[in-house]
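Thanks for coming. I will go through one structure this morning, starting with a single side chain and then moving outward.

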Amino acid sequence: MDQIMRHEAAGAKPAENPEIAARQAVMATCTGATCVELEQALAALGDIPQATDLRGTENGLVMLRGRMGGDGRPFNLGEATVTRAAVRLADGRTGFAYQLGRDAAKTRAAAILDALWQGAERTAVEAALAPARQRIADEAAAKARRVAATRVNFFTMVRGDD
C-alpha cells in the first residue's frame, strides 16, 4: 500500500512490465471512480463468478509521508483512513483493492473487478470502466484549464552592464 501511495503521490512512471502497468491503470481508474460507477461496471459485465471474501473488508490507517520540496528528508505528514478488500472468485482468481476512506462497497467492487481483469474478461472490464475513465480524464482536463487560466509568467530583464 505504501508503495502504491508513493507511486501516485510522486507521479512516478508506470511499471516497466506492461502487464503490471495495465493492472495499475485499471486499479487507478477504480480508485478515481465512484461506488455507483463501479457497480454499473459490474452490472455491465453480466453474469460473473461468485466472489467470496478472503478476509472481511476492513478499515484501517496508513501513515502518510511527505518531503519538503519533493526531495528533502521524509517526515510523517499524518494518517489517512483506508479500506481494503481481498476476494476470491469461484474459479480461483483473487482480487485486492485499497481505497482511501471508509467505503466498503466501493472497495469490494474494485477487488472483484481486479480479479475479473486477471482472466478472460480483461477487455470487458476495461470497456465497462471506460465511462469512469473518461469522466476522470474530463475532470482532470477541466482542472488543468482552470489552473492554466490563473498562471502567471514571471521573467527577469537582464541589463547589458557587467
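Let me start with this: does D91 count as buried, partly exposed or exposed? The answer is partly exposed, because the relative accessibility of D91 is 48%. Please keep in mind throughout that this is a predicted model.

D91 has a charged partner. Its side chain meets that of R93 in a salt bridge, at 2.6 Å from N to O. R93 itself is buried, because its relative accessible area is 15%, and the cut-off for buried is under 20%. A salt bridge also links R93 to E121, where the closest N and O atoms are 2.7 Å apart. E121 sits in the loop between α4 and α5, while R93 is in the loop between β2 and β3, so this pair ties together parts that are 28 residues apart in sequence. As for exposure, E121 has a relative accessible area of 24% and is therefore partly exposed. In general, side chains of opposite charge can pair when their charged atoms come close.

Now the overall layout. The chain has six helices and three strands. Following the sequence, the order is α-α-α-β-β-β-α-α-α. The chain has 162 residues, and 25% of them are buried.

Next, the strands. How many bridges join β1 to β2? There are 14, and the two strands run antiparallel. β1 covers residues 51–67, and β2 covers residues 74–89. To place two of the residue pairs on screen, D53 stands opposite V87 in β2, and V62 stands opposite A80, also in β2. The hairpin of β1 and β2 has six residues between the strands, and G69 there takes a positive phi near 70°.

β2 then pairs with β3, again in the antiparallel sense, over seven bridges. V87 turns up here too, standing opposite G95 in β3. So far as V87 goes, then, it faces D53 in one pairing and G95 in the other. The hairpin of β2 and β3 has four residues between the strands, and the positive phi in this hairpin is that of G92, near 100°.

From the strands I move to the surface. Which residues make the nonpolar surface patch of about 330 Å²? They are M68, F75 and L77. F75 belongs to strand β2. Its relative accessible area is 32%, which means F75 is partly exposed. The cut-off for joining a patch is over 30% relative accessible area, if anyone wants to check that value.

Now helix α4. R108 lies in this helix, and at 26% relative accessibility R108 counts as partly exposed. R108 and A97 are eleven residues apart in sequence, with 7.2 Å between their C-alpha atoms in space.

Back to charges. The whole structure holds eight salt bridges. One of them is between R135 and E139, at 3.0 Å from N to O. Where do R135 and E139 lie? Both are in helix α6, which spans residues 130–149, and they are four residues apart, about one turn of the helix. R135 has 24% relative accessibility and is partly exposed. E139 is also partly exposed, at 47%. Salt bridges with shared partners join E37, R135 and E139 into one network.

Last, the rings. How many aromatic pairs does a search of the whole structure find? Zero. There is, however, a contact between a charge and a ring: the charged end of R122 sits over the ring of W117, 3.8 Å from the ring centre.

To recap, R93 meets both D91 and E121 in salt bridges. β2 pairs with β1 and with β3. The nonpolar patch is made by M68, F75 and L77. That is the end of my part.

Key. Residues numbered from 1 in each chain as written. Predicted model: local features only at pLDDT ≥ 70, side-chain atom pairs only at ≥ 80, totals over all residues. Heavy atoms only, no water. Phe/Tyr/Trp six-rings, centres within 6.5 Å; stacked < 30°, edge-to-face > 60°. Lys NZ or Arg CZ within 6 Å of the ring centre and 35° of its normal. Patch = residues over 30% accessible without salt bridge, like charges linked within 9 Å, V, L, I, M, F, W, Y side chains within 5 Å. Areas by Shrake-Rupley, 256 points an atom, 1.4 Å probe, with all protein chains shown as cover. Salt bridge = Lys/Arg side-chain N within 4 Å of Asp/Glu carboxyl O. Buried < 20%, exposed > 50% of the residue type's maximum accessible area, 1.4 Å probe, protein only. Pairing = 2+ DSSP bridges.
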